[in-house]
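The following note comments on a covered helix, on strand pairing and on enclosed space. Please read each point against the model.

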Amino acid sequence: MHVLGLSCFYHDSAAALLRDGVLVAAAEEERFTRRKHDNGFPSRAVAYCLREAGIDIEAVDHIVFYEKPLPKFGRIIETVIGEWPRSFPVWIEGVPQWLVTKLDHRSLIQRALGTRKPVLFSSHHLSHAASAFLASPFEDAAILTTDGVGEWTTTAWGVGRGTGIEMRQEIRFPHSIGLLFSALTAYLGFRVNDAEWKVMGLAPYGRPRYVDQFRQLVDLRPDGSFRLDLRYFAYCYSSRRMFTRRWERLFGQPPRRPEAELGEFHADLAHSGQKVVEEILLAIARHLRATTGLPNLCVAGGVGLNSVANWRMLREAGFDRIFIQPAAGDSGGALGAALYV
Ligand SMILES: [Fe+2]
């Protein structure tokens, strides 16, 4: 049986092909188009996967997309309405495009693949969870998925046993570790959904001088659940700004301009933001260890690429072993969706 998993139309488009549950090929579209984070339909990645398997699209038994478009569109609409009228620019930039080109993903995918085969839809965080647990060497494990946002979910945790996955708790948009880190990325003058790794790389050069300020942004509870103080964040109503003037006042400086000199202030901010993200992830991981009793942890979602946080979860949360999906970002959703079928 052949299963083709797809992730696309947001960023890091990818395809993955399984034969009888075993991965034959997987690739990101950007490797073929040379466009970083290419979000288009992954035609070249699909062609590569089919070529590796020696089959054509008609030999594929199941096609599965990594998230559910309707709930995602619902979240966008609900957020825009909730923030009206200051969310008008988001409406203008996003909603018509969704209505015209994105809403009917099934037809879009069938047309792009040149087939009438049915298309299945996984959910975003279930795809992440499957990409970690079902690719891991573990028979059972606690699972943590965390990113900017899926349909509504931004962080979820649960348990995997055998081939089953049960997600037990979730944090919903707009409360998001990934978006908190992206706001810091933007404030430091780097591109969101691209240069978060630069913030992680900058962090060890700084000192924890702004940890208290970052803690003000997050209401973290003992079970790891959290809420952001939305007065500091603009991403619900702006497609251009991640943070508000209140954020700038909190840290006492205007945002760094792209390509401007990086100083001690920026390194200290990166260090402090990283520390607080680690605190949140550690709280979740400790809760997961305590409530599941399981010694193994699987992690995916874009925040799962934070290697220092992952190391601390392994060392300090009581787990014996940890498996991080190497393609923890949305490209890995193609693999997870296929594995879950
Ligand atoms: Fe994601």
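1. The buried residues of helix α6 are covered by elements that include β6 (140-146), β7 (153-161), β8 (164-172), β11 (296-300), β12 (321-324) and α13 (331-340), contact being heavy atoms within 4.5 Å. Helices (H or I, at least four residues) and strands (E, at least two) are DSSP runs numbered from the N terminus.

2. This is a predicted model, in which local features need pLDDT of at least 70 and side-chain atom pairs count only at pLDDT 80 or more, while totals for chains, interfaces and linings use all residues. Residues are numbered from 1 along each chain as its sequence is written, and side-chain values use heavy atoms, leaving out hydrogens and water.

3. Helix α6 spans residues 124-133, and 10 of its 10 residues are buried (under 20% relative accessible area, 1.4 Å probe, protein chains only). Among them are His124, His125, His128 and Phe133.

4. Strand β4 (residues 62-65) pairs in the parallel sense with β1 (residues 2-7) over four bridges, pairing requiring at least two DSSP bridges. Phe65 in β4 is the bridge partner of Leu6. β4 also pairs in the parallel sense with β5 (residues 119-121), over three bridges, and there Ile63 stands opposite Val119.

5. Phe65 also belongs to the lining of the largest cavity, together with Cys8, Phe9, Glu67, Lys72, Trp98, Lys102 and His105. The lining comprises four nonpolar, one polar and three charged residues. The volume of this cavity is about 30 Å³.

Conventions. On a 1 Å grid over the protein atoms alone, a cavity is a set of points where a 1.4 Å probe fits but cannot get out, and a pocket is an open set with protein on both sides within 12 Å along at least five of seven lines; lining residues have an atom within 4 Å of a point. Grid points are joined across faces, edges and corners, and a volume is the space filled by probe spheres set on the points. Ala, Val, Leu, Ile, Met, Phe, Trp, Tyr, Cys and Pro count as nonpolar, Asp, Glu, Lys and Arg as charged, and the others, Gly among them, as polar. Buried means under 20% relative accessible area, exposed over 50%, partly exposed in between (1.4 Å probe, protein chains only).
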